[in-house]
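Biologist: Before I trust the labels on this complex, I want to see what stands behind them. Can we go through them one by one?

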There are 2 protein chains.
Amino acid sequence: MDKKKKLLVIDDDPDILKVLRANLELYGYTAVTADSWTKARAILDDQVPDLIILDLTLPDGDGLEICRLIKEENHRVPVIMLTARDSISDKVTGLESGADDYIVKPFETLELIARIKACLRRSVPVDKALTINGLEIDMKAHQVTLNGKNVELTPKEFELLSLFASNRGEVITREFIRKKIWGDAKLYSWSRAIDVHLQHLRQKIEENPSEPEFIITVAGVGYKFRE
Amino acid sequence: MDKKKKLLVIDDDPDILKVLRANLELYGYTAVTADSWTKARAILDDQVPDLIILDLTLPDGDGLEICRLIKEENHRVPVIMLTARDSISDKVTGLESGADDYIVKPFETLELIARIKACLRRSVPVDKALTINGLEIDMKAHQVTLNGKNVELTPKEFELLSLFASNRGEVITREFIRKKIWGDAKLYSWSRAIDVHLQHLRQKIEENPSEPEFIITVAGVGYKFRE
DNA sequence: AATGAGTGTAAAGATTATGTAAACTTTCTC
DNA sequence: GAGAAAGTTTACATAATCTTTACACTCATT
């Protein structure tokens, strides 16, 4: 029912990376791996995963600090912290680092999978239907209606609208959109594709597309969805 | 207008029982509670609730086992499992115990209510026949009629149709179909088998297969059955 | 007023997903 | 084991969607 979730695993032990990748893919996730904070950062520059699994001890950075950085830059991405048995500090167990969950090495794969599932589920409301000013977005049915009338959206348009709807009131940069929706897919930096899809979307959901009510342009920065 | 739904809550923590009862009644449900499997059993002997909320750890029985028993005796009663944070096993998250949903303690009341709602809405009694717009699907007899005329479906076609019927209005991805109907059986990721069966199904149940009325294509995502 | 950066917009071209028939393979039935 | 039924793959057509391109417009800045 759901789309394949993309997970980023950051750990410096190549064996763990290998095992995790194999298992995650077995359970229907897409796995991206990095063996250092530097590499992870490069990946995060390009795409936003649905969940991050982060080892507490990396060669080039402190896990807690990294976790905080991730949380700052990619607001809502859930993080599961991997820790060695003897380094469980209060900070980690109390989840004060901002991590959403933690798991102690050595761990059972099933246990990790279970936590991943729970974590991903927690971040998404069950009743995924949202109504703003006559615009109803039903994630489950993949359907959008405006004042009761059905609005036909293409996949990209729907993704865009969902992204805006789940970040209401916040300004979304084109860069963020690119990371979220296109991810690692090729899209030249000078491409106007995002703008074009946005126009199409406006034409479909705005009463008067040249004076948009839902998706507002924030000059020089990006767009935002009305509060 | 629906009748008041009756829920059975089974948990050995009196505080949780109290809170749940209060909240459920606040949201218009009738709550029956039991603090042990023995008492729950006595209640179940007497009445069949519309939904059961079951704690994973009870003094007199294993939650998973109990869940299985419930499912055997009162087939179609949906069960929501309550689990402690550190006892989420893969069995529960994978819902392999037969539970229809699960929620991790401590939980938000709203979250639980939402899941109850979703669960009740989703549960279509399998032993009953379902009729939508002239299309009658008799799950038990494995028979489908369209405006009274018998429709001959192959096993795969029937499975497909059932899957759609029991998830009305929701988008079903090909991936989900593959998991549900083919399971671990081999089916290459690039296979068009699902599409082909779907076309056959459409040719049999749709008035005009090129403008389907029942099974609607959701571009880029999958298909959905009409509401 | 000219410049240039950022954005709006239409239309053309490129690409991809889906529809569909038909060939081929497997499984079932007798 | 032959024939029939069901399932799967293949191949291609077509429709849907995405991306690029080109140009217009706005609005600071010089």
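Modeller: The questions below take the labels in turn.

Modeller: This is a predicted model, where local features need pLDDT of at least 70, side-chain atom pairs count only at pLDDT 80 or more, and totals for chains, interfaces and linings use all residues. Residues are numbered from 1 along each chain as its sequence is written, chains are lettered from A and ligands numbered from 1 in the order in which they are written, and side-chain values use heavy atoms, without hydrogens and water.

Biologist: How do you know how confident the predictor is in chain A?

Modeller: pLDDT is the predictor's confidence in each residue, from 0 to 100. Chain A has a mean of 89, and 93% of its residues reach 70 or more. Helix H4 (residues 90-93) of chain A is lowest, at a mean of 58, and H8(A) is highest, at 97.

Biologist: What makes S12(B) and S14(B) a pair?

Modeller: Two strands pair if DSSP finds at least two bridges between them. Three bridges join S12(B) to strand S14 (residues 222-225) of chain B. So they count as paired, and they run antiparallel. Ile172(B) stands opposite Tyr223(B) in S14(B). Strands (E, at least two residues) and helices (H or I, at least four) are DSSP runs, numbered from the N terminus.

Biologist: Why are S12(B) and S13(B) called edge strands?

Modeller: The open sheet has the order S12-S14-S13 in chain B, with antiparallel pairing. Strand S12 (171-173) and strand S13 (215-218) of chain B each pair on one side only. The twist averages 35° from one strand to the next.

Biologist: Which helices lie across S12(B) and S14(B)?

Modeller: Helix H6 (residues 155-165) of chain B lies across S12, S13 and S14 of chain B, at about 70° to S14(B). Helix H7 (residues 174-182) of chain B lies across S12 and S14 of chain B, at about 70° to S12(B). Contact means heavy atoms within 4.5 Å. Axes are lines fitted to C-alpha atoms, for helices over the stretch in contact, and angles run from 0 to 180 degrees between N-to-C directions.

Biologist: What makes a residue count as near a DNA strand?

Modeller: One of its heavy atoms must lie within 4 Å of the strand. Around DNA strand C there are 24 such residues, with Arg202(A), Thr217(A), Arg202(B), Thr217(B) and Gly220(B) coming nearest. DNA strand D is surrounded by 22 residues, and Thr154(A), Lys156(A), Ser191(A), Thr154(B) and Ser191(B) are the closest.

Biologist: How do you know which part of DNA strand D faces the protein?

Modeller: Of its atoms within 4 Å of the protein, 76% belong to sugar or phosphate and the rest to bases. For DNA strand C, the sugar or phosphate share is 60%.

Biologist: Why is the approach of Gln199(A) to DNA strand C called a polar contact?

Modeller: A polar contact is a pair of N or O atoms within 3.5 Å; within protein, one must be able to donate a hydrogen and the other to accept it, and residues adjacent in sequence count only if both atoms are side-chain atoms. A polar side-chain atom of Gln199(A) lies 2.9 Å from a phosphate oxygen of strand C, so the pair qualifies. Arg174(B) also has a side-chain N or O atom 3.2 Å from a phosphate oxygen of strand C. On DNA strand D, a phosphate oxygen is 3.0 Å from an N or O atom in the side chain of His197(A).

Biologist: What makes the bond from Lys105(A) to Pro106(A) stand out?

Modeller: That peptide bond is cis, with omega near -5°. Most peptide bonds are trans.
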